[in-house]
Amino acid sequence: MSSYQTVLLAAGQGKRMQAGRNKQFLTIAGTPLLIHTLRVFEEDSFCQAVVLVANDKETEEIRALLQEWGLGKKTSIVSGGKERQDSVSCGLKALLENGAGGEETVLIHDAARPFVTKDKLRQLAEEAASSGAAILAVRVKDTVKEVTGGTITKTVDRSRLWAAQTPQAFSFEVIASAHRKAEENDYLGTDDASLVEYTGGAVTIVEGTYENFKVTTPEDMMFAEAVVRSRQEGERK
Ligand SMILES: Nc1ccn([C@@H]2O[C@H](COP(=O)(O)OP(=O)(O)OP(=O)(O)O)[C@@H](O)[C@H]2O)c(=O)n1
Ligand SMILES: C[C@](O)(CO)[C@H](O)COP(=O)(O)O
C-alpha cells in the first residue's frame with residue numbers, strides 16, 4: 001500500500017449553494033460537511049498529512065470545528081487563492097515547505113465531496129504511485145448533446161466519456177511541474193488532471209462511485225442526507 005499526503009480544498013465561496021455562507025459549514029445529518037470529508041483522510045493510516053486550504057476569514061471557525069469534532073492531528077491550515085487552481089498551488093507550496101517532493105504521492109481533493117471512501121483513496125494512491133497520475137472518475141450516464149443557440153448540433157458518443165471527480169493523485173514532481181508550466185502560460189484548468197494533460201502527461205482513470213458527488217447546489221444537500229441515511233442503515237444490518 002502507498003502512503004500519501006493530501007491537499008484538501010476548502011477556499012471556495014460556495015455561491016451556487018445560495019446558503020449565504022460557505023457550504024462546508026452546512027450540516028449533513030448533524031455533522032458539518034467539512035468534517036465528513038476531513039474525517040476520511042484523518043482516519044486513513046496511509047494519509048500522512050493534510051494541508052487544508054481555506055479562506056483567511058474562515059480559518060478561526062475551521063480551527064474551532066476541528067477542536068469540537070476531535071480532528072486536526074494530521075492537519076495544517078493555509079490560505080487559498082482566487083481560483084481553485086490557485087488554491088491547489090498554495091497547498092502544494094505548503095507541502096514543499098514541509099519537505100514533500102520527488103515521487104511522493106499527493107492526493108488533491110475537494111472538501112465539497114464528503115463521500116469518498118477510504119478504499120478508493122487507497123486504490124487511487126496505489127495507482128498514482130505506479131503511473132504518476134491518476135484520478136477518480138465515473139462513466140457518464142446521460143446522453144450528452146452539444147448545443148449552439150438552443151439547437152442541438154451533435155450527440156456525443158458517450159461510450160468514451162467519463163466525469164472527473166476528486167481525489168486526483170500525482171507524484172509530487174508531476175503535479176508541481178504541471179502547475180509551474182500552467183502558470184507560465186496562463187493556462188487555467190477546472191481540475192488538476194487537465195494541467196498534466198496540458199503538459200503532455202498521461203493520466204489514468206480509477207473507476208469511482210456516484211456517491212462521491214460534489215455538493216454544489218441546494219438539492220445536493222438532500223442527496224447528501226440520503227447518502228448518510230443509507231450508510232447508517234447499511235451499518236445497522
Ligand atoms: N478559489 C477556490 C475555489 C474552490 N475551492 C475549493 O474547490 C472545491 C471545488 O469547488 P466548487 O465547490 O466547485 O466551488 P466553490 O467556489 O466552493 O463554489 P461556487 O463555484 O458555487 O462558488 C471546493 O471544495 C472549494 O472549496 C478552493 O479551494 N479555492
Ligand atoms: C475538480 C472537479 O471537482 C472535478 O469534477 C471540478 O472540475 C471542479 O469544478 P467546478 O468548476 O469548481 O465545479
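I began with β10, where I looked up the bridge partner of V138 and found A163. The model is predicted, and I kept that in mind for every entry below.

**Strand β10 and its neighbours**

The pair V138 and A163 led me to the strands themselves: β7, residues 133–139, and β10 run antiparallel and are joined by six bridges. I then turned to β6, residues 105–110, and noted that four bridges tie this strand to β10, again in the antiparallel sense. Within that pairing I located L107, which stands opposite A169 of β10. I also checked how covered β10 is, and of the 10 residues in 162–171 I found seven buried, so I wrote the strand down as mostly covered, taking buried to mean 20 or more other C-beta atoms within 10 Å.

**The sheet as a whole**

Next I traced the strand order, which reads β5-β4-β1-β6-β10-β7-β11 in an open sheet of seven strands with mixed pairing. I asked myself why one side of β5 and of β11 is left without a neighbour in the sheet. The reason is that β5 (75–79) and β11 (204–207) stand at the edges and each has a single partner strand. For the twist from one strand to the next I noted an average of 30°.

At the β5 end, I saw that β4, residues 47–54, pairs with β5 in the parallel sense over five bridges, and that A54 has S79 of β5 as its bridge partner. Helix α1, residues 33–42, packs on the sheet here, touching β1, β4 and β5, and its direction makes about 175° with that of β1. I then followed helix α4, residues 118–131, which lies across β1, β6, β7, β10 and β11 and runs at about 135° to β7.

**The two ligand shells**

Around ligand 1 I counted 20 residues, of which L9, G12, K15, R16 and S87 come nearest. The elements that give two or more residues to this shell are β1 (4–10) and α3 (84–97). By class I recorded six nonpolar, seven polar and seven charged residues around ligand 1.

For ligand 2 I listed R84, D110, A164, Q165, T166, T190, D191 and K214 as the surrounding residues. I wanted to know which element gives the most to the shell around ligand 2, and the lookup returned β10, with three residues. This shell has one nonpolar, three polar and four charged residues.

**Two positions in the loop between α5 and α6**

I looked up D192, which lies in the loop between α5 (172–184) and α6 (193–198), and asked whether D192 is buried or exposed. D192 is buried, because 31 other C-beta atoms lie within 10 Å, against a cut-off of 20 or more. Leaving out residues up to four places away in sequence, I found that D192 touches V88, I108, Q168 and I175. I also checked D192 against E207, 15 residues away along the chain, and read a C-alpha separation of 17 Å.

G189 is found in the loop between α5 and α6 as well, but I entered this residue as partly exposed, because 18 other C-beta atoms lie within 10 Å. With residues up to four places away in sequence again left out, G189 touches Q85, A182, S194, L195 and Y198. My last lookup was the pair G189 and S45, which are 144 residues apart in sequence and 31 Å apart from C-alpha to C-alpha.

Methods:
Residues numbered from 1 in each chain as written. Chains lettered and ligands numbered in written order. Predicted model: local features only at pLDDT ≥ 70, side-chain atom pairs only at ≥ 80, totals over all residues. Near = placed C-beta within 6 Å. Nonpolar A, V, L, I, M, F, W, Y, C, P; charged D, E, K, R; others polar. Buried ≥ 20, exposed ≤ 12 C-beta atoms within 10 Å, placed from the backbone. Pairing = 2+ DSSP bridges. Axes fitted to C-alpha atoms, helices over the stretch in contact; angles between N-to-C directions. Contact = placed C-beta atoms within 7 Å.
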